[in-house]
Each structure stands twice: as structure tokens, then as C-alpha cells.
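Good morning, and thank you for the time on the agenda. Please bring up the structure, and I shall go through selected parts of it.

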Amino acid sequence: MSELFEGISISPIKRILIDENILKEVPYVLKDLGARKNITIICDQNTYKAAGKEVIEYLKDFDVTLCKFDKNHLIPDERSLGEIILRMDSQSEFLCAIGSGTINDLTRFVSFKTKIPYGIVATAPSMDGYTSSVSPLIVNGFKRTYNAGYPQFVVGDLDVISRAPYDMITSGFGDIIGKYTSLADWMISNVVNGENFSEDIANIVRNSIERCVQNVDKIKSREKSAIKNVMNALVLSGIAMLKVGNSRPASGAEHHIAHYIEIKALMNGQIPPFHGSSVGVAEVIVSGIYHKVFSQDRNEVQKMISKAKFESKEEYVERIKNTYGPISDEIFEEIGEFYFNKYEREKRQKNIIANWDYLKKWVYENVPESYQIKNLLKSVGTPTTLQDINISMDLDEMIKNAKEIRKRYTILRLAEDIGLDI
């Protein structure tokens, strides 16, 4: 276990190995974890070339079933899940995913449903889900986060991940930078909604951000020490999600906007951008919203609330149907009646007013301004605008509708509660 994780309880993950020249350790890790004969390898064409072929060569003492996707762009949907189920060996003792986001999410969910343990050999520092226990999947065209299994091991060979396509490396960086506002969203939900909040877990995420921004000048040159910082940061963020049992410490309004971008791209027959790249772009937007909202003083907020006119349920239903079309029912099922409850809204408004000065001070101390986020992303070549990720959408419509993707309180919901047009 890396010294980075000492003092952090990460059970049930048994092994985290992030170092150079460690693919050869995979068979020993599997044996230590109880595997004796049958292993199913899950990868795609690219990750097979990056690490899968070499890992299989090291697994000469095992019977290996190879599940290799032939698609150029793999979607984490029902079809891909079914393909794994059809190809895997029913006698498999362990599933070994070789890849990054999509491969990991699919394998994690299959592991959860089949009760077969799994581990991940990372091929890119592209996202923070390696050690989480949830899987973002697209079901019926709607991206939703499902409870799933956790990996028994994570192996990140720096010789492999430092050679990953550079846009996957910047994607991971964007995903981590998004944690500035995901932590803020978690905190305001604690104050406004009474949602449980853990300062200890929040500190794990803060540490992940700090480790990621250290030596950013070395990321472009793919120096292994800098790539290791990014990978470690992503793993730490995933551990935070694992400890909470959901994605709350690492996913807020910036992820809702990213999911909206991905959903609309799929609905339009387009290939979505890398998830972390969408998160980075959304973080620029959401950090700007934070500072716009909290530029108001308490008296201004009280006046806005007194004058606010809220959407009726009929108006909401019409808007969602126009925006989400065939997947509108998924939205209605996710949100339900919660945000139409007048009593609950008034209770939130009272909490907002009572705690406004505290919230404002916290935000100014913990959430960088939009231009600071943009400069940080630009320093490593991470996209900062919708144009950078080849997305053409109306920004106002995106902000208005993205909050409906999750029943989770964020800055977008707070702005709605105080009647501020953002």
C-alpha cells in the first residue's frame, strides 16, 4: 500500500499500487486475494494494446477469458453490460478491468450484480471513479449514478498511464478541479438542508485537489512524478466517495452540467466529450455562479425571496418534456415532488437567510473565482469553454435544465430558492 494512503481507512479495497513497472504484480495481487484459476479480462481495443496484452502474458498460471470490446467509442449502457455478461466465464473467480472510466464503471456494476470480485488496471489518469462504489451508467438514454461494487485492487503502472492520450490526462485534471464546487455544494446542502457532512472526508478531497495542482507545469511533459500526483489525487477522491457511500463529496452542480452535456450530445447522435473535460468546462461556469450568488448581501436576498415567483408544476412538466423528450420520465422519477413542496422551500429559505453571512464567507475562502479556475485549467491545456469541447448549446437553457438531473441540493437549487436569475 502506498505511503500516501497511510492513516486513511480504505477497506474494503485491499491493494492500491501506483508506481513504475508494476503490471507484473497483477498475478501476485490476484493470488493474494484468493484467485486460483479462472480470470475474466475486460478491456477494449485501445486498453488491450496499452496494458491488456502484457497483463495476460503475466497471467500464464490462470485460465483467462478475454472480453474485448471492438467499438471505437464504448458507451456504458445496457448493451455493453449485456455484452460482458454474455462473454464472461460463468466460473470466473475474478473480473480484471483494464481501462479507465467506462470499462471500470461497466465492470464494477457487473461485479456488483454477479457477486464476483473485481480489480482495475488503470490505463489513464482520466477520472476519479477508480475507487468509488458507484457507476454512472446510461440506461434508457439517461445518465444516472447506480450503486455498485468496489474494486479489490487498483494497479496504476506509471509507464502505462503516462503514455495515455493527453486529452485523457487533462480530463482527469478537469475532474479533480471540479471538486472545488462539489465540496461547496455539499457544505451548503448541510447548512440549508441538514444533509450529513463530514469535514474529515472533505479534507481527503481537498488533499486530492492540492496534490493535483502541485507541479502542474510538469504535467504537459508527462513527467511521471506529476502524472503520479494526478493519479493519486483521483484515487483519493474516489476513496472519499467510497467512505460516504455515494458521489456527494466529489460531484455537484459541475457534474450535473457535465451530465447534461453528455446526455444532450447522445440525444443528438454525437459522441460526448471526455467526462472530466466537460466537468472542467462546467467548473468555470459554476464557480462564476457561486460568486454571482454570494455577491448579494443578506438584505438583497430577503428582498429577492419576497418577490420571487416560482415555476408551477405544470410549467415544470412542460419544460422537462421539451428539454428531455423521450427520457422525461427518468427526470420525473429522479426529482419527484420534492422541489414543489412549498413548506420545504420556505424552510430552506429561512435557513439560507439565517446563515447567509457564514455561507458567503465560506464561499469566498474556499471557491476560486471563475478566472482562477480557467487559468488553472489552461495551465495544463484542459478545455475551459463549450467551444473547446465542440459543444454548441444555449448556456442559459443548460444551466436552467441541468439541475433537474439529480435530486441533490447545489448552488443551482439555492439560486432558484432565492429567486436569483443566473
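Let me begin with helix α18, whose buried residues pack against α10 (253-267), α11 (275-293), α13 (313-324) and α19 (411-418). I should say at once that this is a predicted model. The helix spans residues 395-402, and its buried residues are M398, I399, N401 and A402. At the start of α18, the backbone nitrogen of D396 has a side-chain oxygen of D394 within 3.2 Å.

Within this helix I would single out M398. Which residues does M398 touch, not counting those up to four places away in sequence? They are I257, Y260, I261, I285, L386 and M393. M398 counts as buried because its relative accessibility is 0%, and the cut-off for that term is under 20%. For those who think in terms of chain separation, M398 and K264 are 134 residues apart along the chain, while their C-alpha atoms are separated by 9.7 Å.

I turn now to the sheet. It is an open sheet of six strands, in the order β1-β8-β5-β4-β2-β3, and the pairing is parallel. Its edge strands are β1 (15-19) and β3 (63-69), each of which pairs on one side only. On average, and with direction ignored, neighbouring strands of this sheet are turned by 15° against each other.

Strand β2 deserves a longer look. How many of its seven residues are buried? The count is seven of seven, so the strand is described as mostly covered by the criterion of under 20% relative accessible area. In a regular strand, side chains alternate between the two faces of the sheet. In β2 both faces are covered: one side carries N38, T40, I42 and D44, the other I39, I41 and C43, and all of these are buried.

As for the partners of this strand, β2 and β3 are paired in the parallel sense over seven bridges. Between these two strands the chain passes through α2, and this β-α-β crossover is right-handed. A further four bridges join β2 to β4, and these strands also run parallel.

T40 is a convenient residue for seeing both pairings. It lies in strand β2, where T40 stands opposite T65 in β3 and opposite L95 in β4. T40 is buried, because its relative accessibility is 0%. What does the side chain of T40 make a polar contact with? The partner is the side chain of S92, at 3.2 Å. Setting aside neighbours within four places in sequence, the contacts of T40 are T65, M88, D89, S92, F94, L95 and C96.

Elsewhere in the sheet, strand β5 (residues 118-122) is joined to strand β8 (residues 153-157) by four bridges, and the two run parallel. One of the pairs to look for is V121 with its bridge partner V155 in β8.

Next, the helices that lie on this sheet. Helix α2 (residues 45-58) lies across β2 (38-44), β3, β4 (94-99) and β5, and its direction is at about 155° to β2. Helix α4 packs on the sheet as well, touching β2, β3, β4 and β5, with its direction making about 165° with that of β4.

In α4, which covers residues 101-114, I would draw attention to S111. Is S111 buried or exposed? S111 is buried, because its relative accessible area is 8% and the limit is under 20%. Beyond its neighbours within four places in sequence, S111 is in contact with L95, I116, P117 and Y118. L95 is thus a shared reference point in what I have shown: it is listed among the contacts of S111 and also among those of T40.

Finally, the cysteines. How many disulfides does a search of the whole structure find? The search finds zero. C96 is accordingly in no disulfide, and the nearest cysteine sulfur, that of C43, lies 9.3 Å away. For a disulfide, the two sulfur atoms would have to be within 2.5 Å. C96 is buried, because its relative accessible area is 0%, and C212 is likewise classed as buried because its value is 1%.

That concludes the presentation. I am glad to take questions.

Terms used
Residues numbered from 1 in each chain as written. Predicted model: local features only at pLDDT ≥ 70, side-chain atom pairs only at ≥ 80, totals over all residues. Heavy atoms only, no water. Buried < 20%, exposed > 50% of the residue type's maximum accessible area, 1.4 Å probe, protein only. Contact = heavy atoms within 4.5 Å. Polar contact = N/O pair within 3.5 Å; in protein donor to acceptor, adjacent residues only side chain to side chain. Pairing = 2+ DSSP bridges. Axes fitted to C-alpha atoms, helices over the stretch in contact; angles between N-to-C directions. Right-handed = clockwise from strand over helix to strand, strands pointing away.
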